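Reader: Hey, got a minute to go through this model with me? I'd like to hit the backbone oddities, the ligand and the empty space.

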Amino acid sequence: MRRNGKGASFLSTKESKKSKSKPSASNGKPTRKELEQLVEDLRWMYRIREFEDQSMRAFRNGLAGGYLHVYTGMEAVAIGWIGEKREDDPVIAAYRDHAYPMLMGVSPYEVMCEIMGRRDGTSKGKGGSMHLYSAEKHFFGGWGIVGGHTAMGAGLAFAIKYRGEDRVALCFYGDGAANAGIVYEAMNMASLWDLPVVFLIENNQVAMGTRLEYHAADPELHKRAVGFGIEHERVDGMDVIQVRKDAARILDYVRKNQRPYVVEVMTYRFAGHGAADHDQSLYRSKEEVEQAKKRDPILLLSQYLLKHGAIEESDLEQMQKEAEKEMAEVYEKASAAPKPDPHEVYEDVYTDMQPEEGH
Amino acid sequence: MAELAYREALRRALIEEMDRDENVFLMGEDIGRYQGTFRVTAGLFEKYGARRVVDTPISEPGIVGISTGAALMGLRPVVEMMTMSFSILALDQIINHAAKVRYMSGGQFSVPLVIRGPGGAANQLSAQHSHSMEGWYAHVPGLKVVAPSTPSDAYGMLKTAIRDDNPVIFTENPGLYGIKGEVDDDEFLVPFGKAVVRREGTDLSLVAYSRMVHVCLEAAERLDKEDGVSVEVVDVRSLVPMDTDTIFASVRKTHRAVVVYEDWKSGGFGAEICTRIQESCFDDLDAPVGRVGGLNVPMPYARNLELQCIPNADDVVEKSRQTLQGVI
Ligand SMILES: Cc1ncc(C[n+]2csc(CCOP(=O)(O)OP(=O)(O)O)c2C)c(N)n1
Ligand SMILES: [Mg+2]
């Protein structure tokens, strides 16, 4: 019986060997430019993690409310994929969305303001943690209905193809979202119409409190592409070097062939589902989390960079400190930012009119 | 008499009905091993096992469709929607399928299905997670719709819902789960289609359901203290079927009414109640029927804006004062 609820097999490093990309650069000699890029990636990992710690602090201190989901542990996925995509390749994602817009050029201050419901936020305080958007940076949100955004992901690609543009749409969604019917309507049409979209499953093995083996009839979610004739594979999402390789290869494939792609990126969330996840022991053991942390993307990357002499131990501490300081300042500044004015409640419901006012 | 929280009262009803009838089973997201998002099903997976407490994938249309199929076969599914906002995904299964088969089959089939879960705003859940759905469902012939406001009603009406042979939309409210109230230790049912007067008064009738009943009680208290006005509060609690007799009797006594609901004001269920009062009590009214509803905007995230959107006691007091001044 496969539903044994035992420690998840994905945690083994073997997963990445399934990748069709050449094995991780850990074997070959990286160029100086590659190393510089990876140092930048490491800096980003610290920044995102610190940002998420500050967002959790905002929640604990009552400065943020509702549902707040942090990306801690999954950083390599967004860093790798957004790092390899072109600037104008559009991205759409679910509600665990703090990292993407920042990696795409939105300032941490604006994101934190949104999380705190401030007027300087990406959505002027009306969206919140789950609903970040940046039209300017090609980030299309930020969606809270599980799976709901995946058809729009294909729709972004539809527009790209319609206009004959050289762009690829990137649609991030979770393992839990992979069970929403709309995903398969989207895949069918994406394949039928040759849409340049990457369906990117961030498989962190759990949907809220329900483990992969209890929610998916076949836990290898990428195989669901078979029925639609879409290329598909499962790859590692913890080693950013490998993630970049896979991302570059797959994005290139989609661009050249004008075909959709389904990629299942194996990752793990170190934090609870949301800020209010009261009891993680209901769905996983401490040991499982400890095991996963052995492949913490920060750990993997820093070991690699140390080995290749790109950084020294003291640099790690330095980067961590800088990120801490930066994000603590972001927190302070955002918490002092103004709240929306009452009249703003009626703005942006329509493009050209306001709804009737009052209770 | 035990004092139970609303969520505990619901849980007690589930347990009693599952013990009473082997055909009753539960289905929903994170209701079993994870104990339920709002803890209504806490401990039930351990008690009844995976056969009767079914953890599902995130597949709302599938969950409702499978439950409807099982109900056609004579089982009695109780589906939990993690929030009623997610039932929007299942609208087709609910409206086009579950609500129609009785009629389309000329009475051959029935769907003894309960869909329950929190409806309405909580605390900064933002635009996609804050919908009040009862008005949408009350519009559909073939569905019964209830919205209890107290632990005792939550218990008694959930039992009635489970025993009902029709699809029932049972809407709770995130703000109600923690409220406590007396629930009789002896088993009892609360029938559908019976409104209840929560507070007696002579000058004005406030008509509401679900959490807004509590907002009205607060407003009534204030109107009494600050204005010396005697306010009656009617808890509709069952929208379909609706007990208009109790509502009309109250209005005929006080000659003034304000209807209060959390849903968007425009086209919400409160508008239906207003119309019924107007149609049947026109000669008894000393002022136009007042109405307080949610602002007609998607729910904003910022707490200050969100609070602005949800009707509160201030809004009800203000509208009540206008209605009390209004003379035809
Ligand atoms: C349609 C719908 N059903 C249920 C939910 C409640 N919900 C929010 S997140 C979540 C789990 C999703 O898991 P997954 O897709 O794996 O993403 P992850 O949180 O792991 O990143 C659930 C059930 C929702 N938001 N939308
Ligand atoms: Mg997941």
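Reader: Where is Gln205(A) found?
Author: Gln205(A) is in the loop between strand S4 (197-203) and strand S5 (206-207) of chain A. Helices (H or I, at least four residues) and strands (E, at least two) here are DSSP runs, numbered from the N terminus. Although not a glycine, Gln205(A) has a positive phi of about 70°.

Reader: What ground rules should I keep in mind?
Author: This is a predicted model, where local features need pLDDT of at least 70 and side-chain atom pairs count only at pLDDT 80 or more, while totals for chains, interfaces and linings use all residues. Residues are numbered from 1 along each chain as its sequence is written, chains are lettered from A and ligands numbered from 1 in the order in which they are written, and side-chain values use heavy atoms, with hydrogens and water left out.

Reader: OK, ligand 1. Which chains does it lie between?
Author: Ligand 1 lies between chains A and B. Of the 21 residues around ligand 1 (a heavy atom within 4 Å), the nearest are Tyr95(A), Arg96(A), Gly144(A), Gly176(A) and Glu60(B).

Reader: What lies 2.9 Å from an oxygen atom of ligand 1?
Author: A backbone N or O atom of Ala177(A). A polar backbone atom of Gly176(A) is 2.8 Å from an oxygen atom of the ligand, and an N or O atom in the side chain of His273(A) is 3.5 Å from a ligand oxygen. The protein buries 95% of the 580 Å² that ligand 1 exposes when taken alone (Shrake-Rupley areas, 1.4 Å probe).

Reader: Switching to voids: how many cavities of 30 Å³ or more are there?
Author: The structure holds 6, and the largest has a volume of about 150 Å³. A cavity is a set of points on a 1 Å grid over the protein atoms alone where a 1.4 Å probe fits but cannot get out, and lining residues have an atom within 4 Å of a point. Volume is the space filled by probe spheres set on the points, which are joined across faces, edges and corners.

Reader: Which residues are closest to the centre of the largest one?
Author: Ser130(B), Glu262(B), Trp264(B), Val297(B) and Met299(B), out of 14 that line it. Strand S13 (residues 257-264) of chain B gives the most to that lining, with 3 residues.

Reader: And why does the largest cavity lie between domain 1 and domain 2 of chain B?
Author: Because domain 1 (2-183) and domain 2 (196-324) both give residues to its lining. The domain bounds come from an automatic or database assignment.

Reader: Last one: which residues does the cis peptide bond in chain B join?
Author: Val240(B) and Pro241(B), with omega about 0°.

Conventions:
A polar contact is a pair of N or O atoms within 3.5 Å; within protein, one must be able to donate a hydrogen and the other to accept it, and residues adjacent in sequence count only if both atoms are side-chain atoms. On a 1 Å grid over the protein atoms alone, a cavity is a set of points where a 1.4 Å probe fits but cannot get out, and a pocket is an open set with protein on both sides within 12 Å along at least five of seven lines; lining residues have an atom within 4 Å of a point.
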